[in-house]
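I sat down with this one to see how its chains meet and where the charges pair up. Notes below, in the order I looked things up.

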2 protein chains.
Amino acid sequence: MSKVDILITNGVVVTMDSKERVIDNGAVAITGDRIVDIGPSEKFSECRAGKIIDAKNGIIMPGLINTHTHAAMTCFRGLADDLHLMTWLNDFIFPAESKLNYEKVKTGALLACAEMILSGTTCFADMYLFEDAVAEAARQAGIRAVVGEVLYDFPSPSYGTIEEGFAYTENLIKKWEGDPLITVAVEPHSPYLCAPDLLTRAGDLANEYEVPLIIHVAETQTEVNTILESYGKTPIAHLAEIGVLSPLLLACHCVALTDKDIDLLASFDVKVSHNPESNMKLASGIAPVPQLMEAGVCVGLGTDGCTSNNNIDMFQEMDTAAKIHKVNTLDPTVMDAKTVLKMATTDAAKALGLDEVTGSLVPGKKADVIVIDTNKPHLTPMYNLHSHLVYAAGGNDVDTSVINGQVVMENRRLLTLDIAKVMADVNQVADEIKLSR
Amino acid sequence: MSKVDILITNGVVVTMDSKERVIDNGAVAITGDRIVDIGPSEKFSECRAGKIIDAKNGIIMPGLINTHTHAAMTCFRGLADDLHLMTWLNDFIFPAESKLNYEKVKTGALLACAEMILSGTTCFADMYLFEDAVAEAARQAGIRAVVGEVLYDFPSPSYGTIEEGFAYTENLIKKWEGDPLITVAVEPHSPYLCAPDLLTRAGDLANEYEVPLIIHVAETQTEVNTILESYGKTPIAHLAEIGVLSPLLLACHCVALTDKDIDLLASFDVKVSHNPESNMKLASGIAPVPQLMEAGVCVGLGTDGCTSNNNIDMFQEMDTAAKIHKVNTLDPTVMDAKTVLKMATTDAAKALGLDEVTGSLVPGKKADVIVIDTNKPHLTPMYNLHSHLVYAAGGNDVDTSVINGQVVMENRRLLTLDIAKVMADVNQVADEIKLSR
C-alpha cells in the first residue's frame with residue numbers, strides 16, 4: 001500500500017475483529033470512507049498518507065456504538081431527577097416535550113452528537129420526535145446514526161395521526177436511502193403505547209424495506225403486569241404471538257423477562273439493547289444480560305436519553321455494565337471487560353444490522369476509528385488493554401475520532417460543529433422551558 | 001474585607017453548609033489556610049486579592065472527600081480483574097504486594113494523589129503498608145489525608161511483628177501530630193484478619209490519641225459467615241462485644257449487615273464508608289445505605305483502591321452511589337443527588353472526624369475548594385446544580401483545586417507534582433511486576 005488518505009499510527013490497535021487481534025505498535029490505514037489496511041506501524045513506513053494521525057502510544061480502536069438513545073433530550077438534561085416514573089413523565093417530561101419542534105429537536109440532537117463524538121461514540125440509534133431533524137443533525141456532525149420516528153396510538157406533536165406517522169416514517173426511509181451515514185428504522189414506542197395493529201404494521205414496514213425495527217419492551221415489571229392484564233401474556237410473548245419478533249427487531253431494555261421470554265428472543269434472533277444506567281436511575285431493574293448472552297442473544301449497549309442517565313458517555317456505561325451484573329449475580333467473573341467491550345462495538349453493530357459496516361477494525365469496513373490518549377495519571381500503568389478501557393478510561397480520554405473516513409475530532413477539538421453556538425442554542429431552549437414552568 | 005490572599009469569583013457557590021446555601025454569582029475569599037468570607041461576587045468588588053481565580057460561571061464547591069482507599073495500589077491498576085476474590089488476592093495482589101517497599105508505595109501514592117486532585121478530591125483516607133510514605137506523598141502533593149498502617153495477625157512486609165506495628169503506628173501519630181494536612185489513624189485490617197486482642201488494643205490506641213479507628217468490616221457474606229463460625233456473632237456484634245464500636249470508628253464497606261448490626265452502628269455512633277463501585281466489581285453485594293441513613297448513621301463515600309474500581313474518581317462514584325440504591329430498592333427517589341453530594345463532602349468529613357476542618361464552604365473552615373468548568377457539551381444545559389454534579393459531571397470537569405489555602409491545580413495543570421516523572425516511576429514499578437510474573 002503506497003498511498004492512503006489517512007494513516008493512524010503509533011498506537012496499540014485493539015481491532016475487535018473475529019480473532020480479537022491486538023497489534024502492539026500498530027497502524028490503521030484509511031482511504032476514502034474505508035479501512036484499507038491494518039498492521040504493525042513499521043509496515044507503513046514507506047506509505048505516503050494524505051494525513052498522519054500520531055496515536056502517541058495510545059490505543060487505536062473501533063468507535064463505540066450507542067444502541068439506544070433519545071438524542072434531543074439533551075435539552076432536558078437534569079430537568080427532573082430522583083422522581084417516581086409517573087411524576088417524572090407527567091409533570092416534567094411530557095409538558096416539556098409538548099413544546100418541541102423541528103428546530104429544537106435539531107438543536108438538542110446537535111448537542112448530543114457533539115457530546116457523543118467527544119466521548120468516543122461514532123454511531124448511535126435514536127428514537128424520538130421530528131427524527132428528520134436528528135438525521136440532519138447527525139449528518140452535520142458527521143456521526144453515523146440509525147434514526148426512527150416514535151410511533152404510538154395517540155397523536156404526535158411531530159407528525160399528527162398514526163397514518164401520518166407511517167407516512168412520515170416511509171418518507172424518511174426513502175429520503176435517506178443510500179446515505180453513507182444515516183439508516184432509518186421503524187420505531188413503535190412499546191407494547192403498552194402501541195395497539196397490536198400498529199405493531200404488526202410497523203413490523204411489516206420494517207420487513208418491506210429491510211430496515212431495523214426498534215421498540216422499548218419489558219422495561220419494568222409494571223409494564224409487564226399491564227400487558228399481562230391486557231393480553232394475558234408477557235410483552236415478549238405478546239410480540240411473538242402477533243408476529244413481530246424477528247432478526248430485524250431491536251428490543252430495548254428487556255429488564256423484566258421470564259426464562260420463556262429469553263428463549264423466544266433467542267429463537268427469533270431478536271437483538272437486545274441494554275441500558276444499565278437508565279434502568280438503575282429510574283429504578284426499573286437489572287436486565288438479565290448474562291442469561292441473555294448464555295442463550296445466544298446478541299446484546300448491544302446503550303445509554304438511553306440523557307434525562308435518565310444524565311450523560312451519554314459510553315465509556316461510563318461500559319464500566320457500569322461490567323459492574324452491575326457482577327453484584328447482581330454475586331459472581332465477579334461475569335461480564336468480563338472483553339465481553340462488555342464487544343457489547344459496545346461488534347455486538348452493538350450487529351444489533352443495529354450494521355455488522356458489515358462498522359464495529360471493528362477490519363479492512364473493507366467503514367473507517368469508524370477512535371484514538372485514546374493513555375498518557376494520563378488515571379490510565380497509568382497499563383497491564384490489560386480491555387480492562388483499562390472498561391474500568392479506568394472515560395469518554396474524555398478519547399483524543400481523536402474518524403467516522404466514515406472523515407476526521408470529526410482531533411486532539412479533542414470538534415471539527416464539524418460550532419460547539420459554542422450549539423451550546424448557546426440549547427441554553428436558549430432550556431431558558432424557554434424554565435420560563436414556562 | 002479589604003484584602004485577602006485568594007478570591008475565587010464569578011461562579012455558582014454550592015456551599016454544602018447547614019442551610020445548603022447556593023449563591024448564584026458568588027465568590028469565596030481565602031486568607032492563609034482558611035476561608036474568610038463567602039458571598040455574592042459584587043460584595044468583593046473593592047476587595048484586593050493576592051490572586052484572583054475566575055470561575056467563569058462554573059461551580060465553586062467544597063473539594064470531595066474519599067473516605068476509603070489504598071492509594072499506592074495505583075501500581076496494580078488493571079493487574080487482575082474479573083476474577084474470584086481468592087484467585088485475585090492469592091495469585092495476583094498478595095504476590096505483587098510482597099515486593100513493595102517504602103519507595104514503591106510513595107511512588108504509587110504520588111500517582112494516586114495526582115489522580116485524586118485532578119478529579120476534584122481534596123482529602124482522602126488511606127489504609128496500606130508503609131503509610132509514612134503515603135503521608136509524605138500527600139504532603140508533597142498538597143492534599144489532605146488520613147493515613148494509617150494496616151495491622152493484622154501476621155507479620156507485615158512493612159513493619160514486621162504486630163508489636164512493631166503498634167510501635168510504627170504510635171510513632172506515625174507522634175511524627176505527624178499538628179501537621180496541617182496529615183491525620184494519622186489506627187487501622188486494624190478486619191475482624192477476620194485481626195484477633196480480638198489486636199482489635200481492642202487498636203481501639204485503646206485510637207482512644208488514647210483521639211484519632212480515627214478505621215477497619216474493613218462486613219464486606220461480604222462469606223466474611224460474616226467466617227466470623228459467625230469463629231465467634232458466634234456477626235462481625236459488628238463481635239466488635240460491639242469486645243468494646244471496639246465507638247464514635248471514632250469508621251467501618252468500611254458494611255455490605256452484609258443485619259438489622260441488629262445497623263442498630264448497633266447507630267447506637268454507638270459508628271461512621272460508615274460506602275464503596276459501591278468496589279463492592280460491585282468484586283461482587284461483594286450492595287450495602288444497605290438508605291437503611292443506615294434512616295437509622296441515623298453517618299455514611300461517607302469512598303472509592304476503595306484502584307485495583308477494584310479501577311479509577312479513584314469520586315464524581316463517578318457519586319453517580320454510581322445514587323443509581324445503585326435506586327435499582328436495589330426499586331425506588332427512584334432514594335439517594336437523591338443532594339444526599340449523595342453530602343456523602344462525598346460534609347458527611348465524609350464527619351466520618352473522618354474532620355467536620356470542623358473541611359467538607360463545606362464556611363468561613364473559618366480550611367480552604368478546600370474546587371472549581372468545576374460547566375462550559376461543556378455534557379454539562380449543558382443546567383437546571384439543577386446538585387443533580388448536575390452527581391449525574392452529569394466527571395472528575396475531568398474539575399478545573400482548579402485549592403487545598404488548605406494552596407492552589408494545587410489551576411486550569412487542570414497540577415502545580416505540586418512533576419506528573420510526567422510520577423507516571424514514569426509507576427510505569428517502572430509496573431514493568432518489574434510484569435517481569436516477575
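What follows is my run through the symmetry, the interface, two residues and the salt bridges.

**Ground rules.** I'm working from a predicted model, where local features need pLDDT of at least 70, side-chain atom pairs count only at pLDDT 80 or more, and totals for chains, interfaces and linings use all residues. Residues are numbered from 1 along each chain as its sequence is written, chains are lettered from A and ligands numbered from 1 in the order in which they are written, and side-chain values use heavy atoms, with hydrogens and water left out.

**Symmetry.** I superposed the copies by least squares on the C-alpha atoms of residues with pLDDT of at least 70 in both. Chain B goes onto chain A with an RMSD of 0.0 Å, after a turn of 180° and a shift of 0.0 Å along the axis. That is how a two-fold axis relates copies. I then checked the interface residues: 100% of those of chain B are also interface residues in chain A, so the copies meet through the same surface.

**Interface size.** I took contact as heavy atoms within 4.5 Å. On that basis 60 residues of chain B touch 61 residues of chain A. The two chains bury about 4,800 Å² between them, and 63% of this is on carbon and sulfur atoms. Buried area here is the accessible area (1.4 Å probe) that two parts lose on being put together, summed over both. I asked which three residues of chain B supply more of its buried area than any other three. They are D82(B), P377(B) and Y383(B), with 16% of the area that chain B buries against chain A.

**Interface chemistry.** I counted 29 residue pairs in polar contact between chain B and chain A, both at pLDDT 80 or more. The rule for a polar contact is a pair of N or O atoms within 3.5 Å; within protein, one must be able to donate a hydrogen and the other to accept it, and residues adjacent in sequence count only if both atoms are side-chain atoms. On the side of chain B that touches chain A, the elements giving two or more residues are α2 (102–118), α9 (276–281), α11 (314–329), α14 (385–392) and α15 (419–436) of chain B. α15(B) gives the most, with seven residues. Helices are DSSP runs (H or I, at least four residues) and strands likewise (E, at least two), numbered from the N terminus. That side of chain B splits into 28 nonpolar, 19 polar and 13 charged residues. Ala, Val, Leu, Ile, Met, Phe, Trp, Tyr, Cys and Pro count as nonpolar, Asp, Glu, Lys and Arg as charged, and the others, Gly among them, as polar.

**Q316(A).** I found Q316(A) in helix α11 of chain A. Is Q316(A) buried or exposed? Q316(A) is buried, with a relative accessible area of 11%; the cut-offs are under 20% for buried, over 50% for exposed and partly exposed in between (1.4 Å probe, protein chains only). Leaving aside neighbours within four places in sequence, Q316(A) is in contact with E277(A), N311(A), Q316(B) and D319(B).

**H386(A).** This one is in helix α14 (residues 385–392) of chain A, and eight of the eight residues of α14(A) are buried. H386(A) itself has a relative accessible area of 11%. Beyond four places in sequence, H386(A) is in contact with V14(A), V22(A), A337(A), K338(A) and L341(A). At the start of α14(A), a side-chain oxygen of N384(A) comes to within 3.0 Å of the backbone nitrogen of H386(A).

**Salt bridges.** My rule was a side-chain nitrogen of Lys or Arg within 4 Å of a carboxyl oxygen of Asp or Glu. I get 44 over all chains, and four across the interface of chain B and chain A. E277(B) pairs with K323(A), the closest N and O atoms being 2.7 Å apart. K326(A) and D82(B) pair at 3.1 Å, N to O. K326(A) lies in helix α11 of chain A and D82(B) in the loop between β6 (64–69) and α1 (85–97) of chain B, so this pair joins two chains. K326(A) is buried at 0% relative accessibility, and D82(B) is buried at 14%.

Within chain B, I noted K175(B) with D132(B), at 3.0 Å between the closest N and O atoms. K175(B) sits in helix α4 and D132(B) in helix α3, 43 residues apart. K175(B) is partly exposed at 45%, whereas D132(B) is buried at 14%.
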